[in-house]
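Trainee: Got a minute to go through a structure with me?
Mentor: Sure, put it up and ask away.

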Amino acid sequence: MNPKFRVCASLIATSVLLGSLGMNGQVIDAGAPKTTVSTSQKSTKNEVLLKWNGKNLSQKGIVLHGVTYVPATALRDGLGMSLKYDSKNRTYTLSNSGGYNKLSAVVYSSNEIGILVSGSYAGDPGGQIINGRLYLPFKNISEYLAIQGQWNPASKTLSMTPKKQNDITIKSATLKKKILGVEAVAHYPVVSGLADADVQAEINSVLKENASGVITGAEENEGTFSPSDSQYPYEFNGDFIVQYNQNDILSITTYDYSYTGGAHGMTFRKSFTFSLKDGKQMKLGDFINMEGKNKQKLNNFVLSQMKKEGGYLGGFEGVPADAEFYVKDNAAVLYFQLYEYTAYAYGFPEFELKLKEWK
């Protein structure tokens, strides 16, 4: 378990749960630190009317520092999403009817709510606890739970509707094996519902083979590590995120995490973007122009951004044809691995490339 968790977090998280179940919306545990709620947070000027398929929801969203937040309970009660609470790990988890992505809010403290998708950190902004309720950034809800939104600034209304997804089913399967006294676990997606059985089998074969690599990778290093004697046991985990599932394109990012001692573990990403028409694995060049002057423009953009963001270690010579990327709404996201060009603390460097701008 992440050592960042604090003892008081469980008290705060329990209070949020009770608040969401109707205890006047207040944090009721006197021993837990209280969330600082500014005047602007209390003001109705920041409230957002929420709609689902044209129908007004009873709960309202809120805008803070330019970010639109939606109550987790509004997604449960108004949109029918599953909302579960894990008291041991102080984590709330939302999933839609498809269920392949799980959006989690981890309560580290009263003013620090980490957002994860399928166990992977989703970045800033985090969640908010406001008047005893958990609020999540709509950006994450839209990207990972297949919800699209239309903002009307005049009426301060966020109208939400489901995204039109490919007519397929995606379920999670699991591979497990005992390694170094712990269970190595790799979750991977299984696709069904495609008209072409051969295409479906090929896609599933690629995804399962990648998950198998998590287990075999851990096995190959088994003899190099002694059994863990620290308070944090070794870990070997694999999981996935469905990034895009529309317009006959399926884009998935997989994660391979291992912890074998030291200050931190190590995570590797790998993405697969398939054409569902023929099962072809698509490349970044299928979405943006990487020829001639455009390739140099892309290289210059990536290098300048890495230097601007900080942590650049050097060595970048250009974006390769087989660069790692995934697809999201109207964009392709290019990324590099931890330590590949930047220091570990800066995470995975990502570059969102709007399709209209890079065609």
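What follows is a chat about the folds, sheets and cavity of this predicted model.

Trainee: Start broad. How many helices and strands are in the chain?
Mentor: The chain has 7 helices and 21 strands. Remember that this is a predicted model.

Trainee: And how much of the chain is buried?
Mentor: Of the 359 residues, 46% are buried.

Trainee: What about contacts between residues 24 or more positions apart?
Mentor: Counting contacts with a separation of 6 or more, 52% are between residues 24 or more positions apart.

Trainee: Okay, sheets. What is the strand order in the mixed one?
Mentor: That open sheet has 5 strands, ordered β14-β15-β16-β17-β18, and its pairing is mixed. The twist from one strand to the next averages 15 degrees.

Trainee: Why do β14 and β18 each have one side without a neighbour in the sheet?
Mentor: β14 (169-179) and β18 (266-275) are at the edges and each has a single partner strand, so one side of each has no neighbour in the sheet.

Trainee: How do β16 and β17 pair?
Mentor: Those two are antiparallel, with 11 bridges between them. One bridge to look at pairs E235 with Y259 in β17.

Trainee: Which helix lies across that sheet?
Mentor: That's α5, which lies across β14, β15, β16, β17 and β18. Relative to β15, α5 runs at about 170 degrees.

Trainee: Switching to cavities. How many are there of 30 Å³ or more?
Mentor: There is 1. The space in the largest cavity comes to about 50 Å³.

Trainee: Which residues line it?
Mentor: The lining consists of A186, H187, Y188, P189, N210, A211, V214, G238, D239, T254 and Y255. Elements giving two or more residues to it are β15 (182-192), α5 (197-220), β16 (235-246) and β17 (249-259).

Trainee: Which element gives the largest share of that lining?
Mentor: β15 does, with 4 residues.

Trainee: And what's the lining like by class?
Mentor: It has 6 nonpolar, 4 polar and 1 charged residues.

Trainee: Back to sheets, then. What is the order in the antiparallel one?
Mentor: This open sheet of 5 strands goes β5-β6-β7-β8-β9, with antiparallel pairing. β5 (82-86) and β9 (120-121) are its edge strands, and each of them pairs on one side only.

Trainee: How many bridges join β8 to β9?
Mentor: β8 (residues 112-117) runs antiparallel to β9, and 2 bridges join them. L116 has Y121 in β9 as its bridge partner.

Trainee: What about β13, which strands does it pair with?
Mentor: Its partners include β1 and β12. β1 (residues 47-52) and β13 (residues 157-162) pair in the parallel sense over 4 bridges, and L49 is opposite T157 in β13. On the other hand, β12 (residues 147-152) is antiparallel to β13, joined by 6 bridges. There, G149 is opposite M160 in β13.

Trainee: How many residues sit between β12 and β13 in their hairpin?
Mentor: There are 4 residues between them, and K156 in the turn has a positive phi of about 50 degrees.

Trainee: Last one, α3. Which residues in it are buried?
Mentor: In α3 (residues 72-79), A72, T73, A74, L75 and L79 are buried. Just after α3 comes G80, with a positive phi of about 75 degrees.

Technical notes
Residues are numbered from 1 along each chain as its sequence is written. This is a predicted model: local features need pLDDT of at least 70, side-chain atom pairs count only at pLDDT 80 or more; totals for chains, interfaces and linings use all residues. Side-chain values use heavy atoms; hydrogens and water are left out. On a 1 Å grid over the protein atoms alone, a cavity is a set of points where a 1.4 Å probe fits but cannot get out, and a pocket is an open set with protein on both sides within 12 Å along at least five of seven lines; lining residues have an atom within 4 Å of a point. Grid points are joined across faces, edges and corners, and a volume is the space filled by probe spheres set on the points. Ala, Val, Leu, Ile, Met, Phe, Trp, Tyr, Cys and Pro count as nonpolar, Asp, Glu, Lys and Arg as charged, and the others, Gly among them, as polar. Two strands pair if DSSP finds at least two bridges between them. Axes are lines fitted to C-alpha atoms, for helices over the stretch in contact, and angles run from 0 to 180 degrees between N-to-C directions. Contact means heavy atoms within 4.5 Å. Buried means under 20% relative accessible area, exposed over 50%, partly exposed in between (1.4 Å probe, protein chains only).
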